[in-house]
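Biologist: I should be grateful for a close look at one part of this model, chain A, written so that a first-year student can follow it. Please treat the ligand surroundings, the strands, the helices and the backbone in turn.

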Amino acid sequence: MSKETEHKEAGSVTGIYQELEHWNVNTGDKTIHAKRMPGFFRTVKNYTQALYLLFFLVPYLRWNGKQAILFDITHNQFHFFNLTVLPQDIWMLSLLLLLLAMVLFAVTSVASRVWCGYFCFQTAWTDWFTWIEDKIEGNPQARRKLDAAPWSAEKIWKKSLKHFIWMIISLLTGISFSIWFVDAYDYWNKLVHFQLPLVGWVTLATIFFGTYILAALLREQVCMWMCPYARIQGVMTDSQTILPAYDYTRGEPRGKLRRGSEVVAQKGDCVDCFQCVQVCPTGVDIRDGQQLGCITCGLCLDACDSIMDKVGKPRGLIRYTSLDELEGKPARKMYQHPRTWVYIGIILIAFGGIVYGLTHLGSVVLKVIPERQPLYVYLSDGSIQNKYELKILNKTDSDIRVGVTAEGGVRDQVIIGAEKPLLARHGRSTSFTIFVRAPGQNIKMEVTPIEFRIQSIDDPLIGAEYKTKFNGPSVDLGRRIISGMGNAK
Amino acid sequence: MSEKHEASGDQTTGHVWDDDLADLTNEPPKWWMLGLTASALFVVIYWLYYPSIPFATTGDFFKGIGGWTAIKEMEADVGEVEAVRGKFEARLRGMTPAAILADSELTEYVTRSGKVLFGDNCAACHGQNGIGTHDKEGLFAPILNDDDWLYGGKIDDIHASIEGGRQGMMMAHKDMLSAAEIDALANAVAKGQPTSTPLFAEKGCTACHGEDGKGNQAMGSANLADKIWRFEVRNDKLSDAENMKRLVEGSKRTITYGVNSGDPQGRAAAMPSFKEAGKLSDTEMKKLAVYVYKFGGGQPDAPAAAADTKTDK
Ligand code: SF4
Ligand code: SF4
């Protein structure tokens with residue numbers, strides 16, 4: 001602090017460096033050992049982070065003898081309880097991503113980096129890892145002492161135990177990630193017998209090392225230097241966004257509280273106890289104002305509030321507030337932001353799209369591809385035959401028997417190849433070849449529209465249709481040829 | 001060497017210029033150093049594992065300890081395809097063509113994978129998808145996707161044709177019939193009503209083509225009473241009079257000079273035996289039979305089963 005005055009005279013050019021002193025350029029050269037203390041936001045964080053238990057547990061959920069939620073990559077399907085989503089319906093995924101992105105934007109513009117502080121897996125895993133560290137190596141002072149101490153049996157034991165547990169969690173993370181994509185029980189079985197396919201091992205290793213490196217070693221460095229969302233979210237806040245902020249008008253001038261001191265009255269409420277810095281998982285000083293390193297986790301609010309309680313001052317020296325409010329400007333309400341409404345609009349559209357998609361999934365999809373070479377074939381009795389490839393996509397999880405009929409087309413046409421019901425295999429597209437044969441003299445157009453319809457034999461609700469065409473010889477010539485060249489026998 | 005930078009208080013490398021610009025000795029961020037080390041390691045491993053360093057002097061190169069070669073990778077890919085096909089192929093080997101046809105899964109496999117086989121061996125004469133080919137004499141080889149078969153359209157007939165080949169035969173009639181008689185017969189045949197002229201029976205056409213003119217599949221004589229002709233096809237771009245003319249001319253030619261008759265102007269109609277040629281395996285010939293059957297003209301073994309589904313028109 002004294003250096004500050006020293007450089008005051010140094011002139012405007014070097015003045016920039018004074019700012020540098022306040023920048024917390026955390027390059028990871030020293031490990032941040034944050035203190036853990038109880039409080040409201042700590043509790044909230046514990047609950048939100050506990051949502052990740054779902055990540056570990058949900059894959060074991062069974063539904064009708066199969067994994068309830070499964071991103072089945074090998075078979076290109078997504079199973080969600082009764083629902084099977086095939087690649088054809090993947091557009092819904094983009095809507096889902098849009099929805100999630102919009103929720104992120106909206107929440108961020110309203111209440112800053114809620115994602116970072118409470119929901120991000122980087123925050124969550126780092127938090128658990130440091131909790132383990134805290135349990136094994138003790139509080140931050142003890143940890144710093146241990147780090148500095150020469151290697152001893154105790155240090156080796158504590159460090160290896162810590163890293164061992166970290167690795168176990170990393171491994172579990174890798175396994176849990178993998179079993180969202182393949183059958184969970186089958187995966188475990190293969191894993192313990194060392195029979196995973198190569199891609200399985202690579203995935204496991206990637207997530208294992210990823211977790212270990214990011215959550216155990218890099219920690220807040222990820223948020224500071226690597227995460228793109230930190231930057232994106234950083235620009236989405238403005239002076240009306242509420243975020244954890246230090247009330248400098250109330251806090252300054254800060255000063256140490258001295259027992260029996262008389263001058264307390266002239267000082268601000270901040271007692272410069274550094275508790276807010278000590279609890280910060282990214283090691284920033286909130287009193288320097290809003291900054292990139294702050295993931296808005298609210299832990300410094302807990303810390304400051306506990307100090308204010310002790311010194312008998314009102315809580316909220318550090319609190320969720322907007323910069324406008326801090327500056328005494330009239331603060332607009334959330335619903336007064338046009339931005340909020342735009343976000344809500346987009347969210348609703350995306351949500352509507354997903355609901356529409358899910359309710360209109362359809363159980364079967366029919367596609368009919370007419371043969372192009374030849375377009376049609378003359379048969380010996382003078383009739384014309386067209387060949388079609390029927391592709392029946394059956395999205396349900398059981399095989400379906402369907403009958404084929406056709407609307408339109410040529411009078412007295414006959415469908416050949418679908419006399420018996422066709423068996424559409426479940427979860428994929430099955431192809432069938434069928435023919436439509438029509439008397440030559442009934443063909444009135446070169447191209448006659450025809451609509452095929454498939455109908456499940458067992459379930460009247462399951463059906464689909466497809467419009468295509470029946471090709472014949474060109475109108476006049478065809479008719480003349482047929483009638484002129486061979487009179488009906 | 002190093003000293004403190006006056007404003008930031010950090011160590012400098014000793015390189016200070018323009019009063020207060022300096023190289024500081026700050027380390028790059030930890031993640032950056034980790035990344036740098038990891039990529040350096042990656043480079044080394046990659047170079048060692050894969051073929052990498054060329055030796056300019058010997059024209060050789062370092063082969064890499066992983067033993068990777070492009071050919072091996074290709075072979076592995078081929079192996080993957082074979083593994084998928086293998087289980088089908090193994091089943092096909094012991095089955096008759098009719099049995100293959102009865103199995104919808106195998107039939108689908110054959111119709112999907114038979115394209116190349118057909119293209120390589122059959123399409124030159126029969127056209128892609130069996131649409132037939134033409135030369136200046138008319139239709140060169142029969143259309144395979146209609147329902148008219150010289151030697152039968154049942155699966156075993158088709159298979160026999162592929163295995164044993166076929167030789168059409170019809171003698172030249174130029175010395176036996178007068179021009180007028182040939183003309184009358186050709187016109188009747190072109191109309192698809194061979195029996196409309198008494199000459200058909202009188203001149204002994206019935207011996208091969210049958211009393212009703214419907215041919216005889218056992219000897220490969222054409223059905224003359226339908227609307228498919230062996231050496232001529234309707235051209236939809238022409239008017240029916242022109243088509244008729246072509247059909248009459250074509251029929252005249254066939255009657256006059258015969259088929260494979262030795263007459264230099266006779267029609268050539270021969271299909272080689274693929275068994276004798278030895279080019280195709282038994283399985284491949286079976287696959288082709290099913291493939292051809294599936295063009296649309298194949299005839300089921302039990303004719304009664306062909307009950308057509310009427311649409312509700
Ligand atoms: S900065 Fe990135 S990694 Fe860090 S908490 Fe936010 S989203 Fe997560
Ligand atoms: S400054 Fe406060 S809110 Fe921001 S990351 Fe640190 S503890 Fe969390």
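Modeller: The account below goes through chain A part by part and ends with a short look at a helix pair in chain B. The model is a predicted one.

Let us begin with the ligands. The shell around ligand 1 consists of A:Arg113, A:Trp115, A:Cys116, A:Cys120, A:Gln122, A:Thr123, A:Cys223, A:Cys227, A:Tyr229, A:Ala230 and A:Gln233. Two or more of these residues come from each of α6 (114-119), α7 (121-137) and α13 (228-236) of chain A. The element that gives the most is α13(A), with three residues. Sorted by class, the shell of ligand 1 contains seven nonpolar, three polar and one charged residues.

Ligand 2 has its own surroundings in chain A. Around ligand 2 stand A:Pro244, A:Cys280, A:Pro281, A:Thr282, A:Val284, A:Ile286, A:Cys294, A:Ile295, A:Thr296, A:Cys297, A:Gly298 and A:Cys300. Nine residues of this shell are nonpolar and three are polar, while none is charged.

The strands come next. Strands of a sheet pair through backbone hydrogen bonds, in either a parallel or an antiparallel manner. One open sheet of chain A has three strands in the order β3-β4-β5, and the pairing is antiparallel. Its edge strands, β3 (69-72) and β5 (83-85) of chain A, each pair on one side only. On average, neighbouring strands of this sheet are turned by 10° against each other, direction ignored. Four bridges connect β3(A) with β4(A), and one partnership across this pair is that of A:Asp72 with A:Gln77 in β4(A). β3(A) and β4(A) form a hairpin with four residues between them, and A:Asn76 in its turn has a positive phi of about 55°. On the other side, β4 (residues 77-80) of chain A pairs with β5(A) over three antiparallel bridges. There A:His79 stands opposite A:Thr84 of β5(A).

A further open sheet of chain A has four strands, ordered β13-β11-β15-β16, again with antiparallel pairing. Here β13 (422-424) and β16 (463-471) of chain A are the edge strands, each pairing on one side only. From one strand to the next, the twist averages 40°. Within this sheet, β11 (residues 400-408) and β15 (residues 447-456) of chain A run antiparallel and are joined by seven bridges. A:Val404 is placed opposite A:Ile454 in β15(A).

We may now turn to the helices. Two packed helices are described by the angle between their axes and the distance between the axes. In chain A, helix α5 (residues 91-111) and helix α18 (residues 338-359) pack at an angle of about 155°, with their axes 9 Å apart. The two helices are therefore roughly antiparallel to each other. The crossing of α5(A) and α18(A) is left-handed. Among the residues that meet are A:Trp91, A:Leu95, A:Leu99 and A:Phe105 in α5(A), together with A:Tyr343, A:Ile346, A:Phe351 and A:Leu358 in α18(A). By class, this contact has 18 nonpolar, four polar and one charged residues.

Some details of the backbone deserve attention as well. Most residues other than glycine have a negative phi, and most peptide bonds are trans. The peptide bond from A:Glu252 to A:Pro253 is cis, with omega near -10°. A:Pro253 belongs to the loop between α14 (248-251) and α15 (275-279) of chain A. Another cis peptide bond leads from A:Gln373 to A:Pro374, with omega near 0°; A:Pro374 lies in the loop between β8 (364-370) and β9 (377-378) of chain A. A:Asp412, a residue other than glycine, has a positive phi, near 65°. The position of A:Asp412 is in the loop between β11 and β12 (414-416) of chain A.

Finally, chain B offers another helix pair. The axes of helix α7 (residues 179-191) and helix α10 (residues 240-257) of chain B come within 8 Å and cross at roughly 125°. α7(B) and α10(B) are therefore oblique to each other. Their crossing is right-handed. The contact includes B:Ile182, B:Leu185 and B:Val189 of α7(B), and B:Met244, B:Leu247 and B:Ile255 of α10(B). In this contact of α7(B) with α10(B), nine residues are nonpolar, three are polar and three are charged.

How values were computed: Residues numbered from 1 in each chain as written. Chains lettered and ligands numbered in written order. Predicted model: local features only at pLDDT ≥ 70, side-chain atom pairs only at ≥ 80, totals over all residues. Heavy atoms only, no water. Near = heavy atom within 4 Å. Nonpolar A, V, L, I, M, F, W, Y, C, P; charged D, E, K, R; others polar. Axes fitted to C-alpha atoms, helices over the stretch in contact; angles between N-to-C directions. Parallel < 35°, antiparallel > 145°, perpendicular 65-115°, else oblique. Left-handed = near helix turned anticlockwise from the far one by under 90°. Contact = heavy atoms within 4.5 Å. Pairing = 2+ DSSP bridges.
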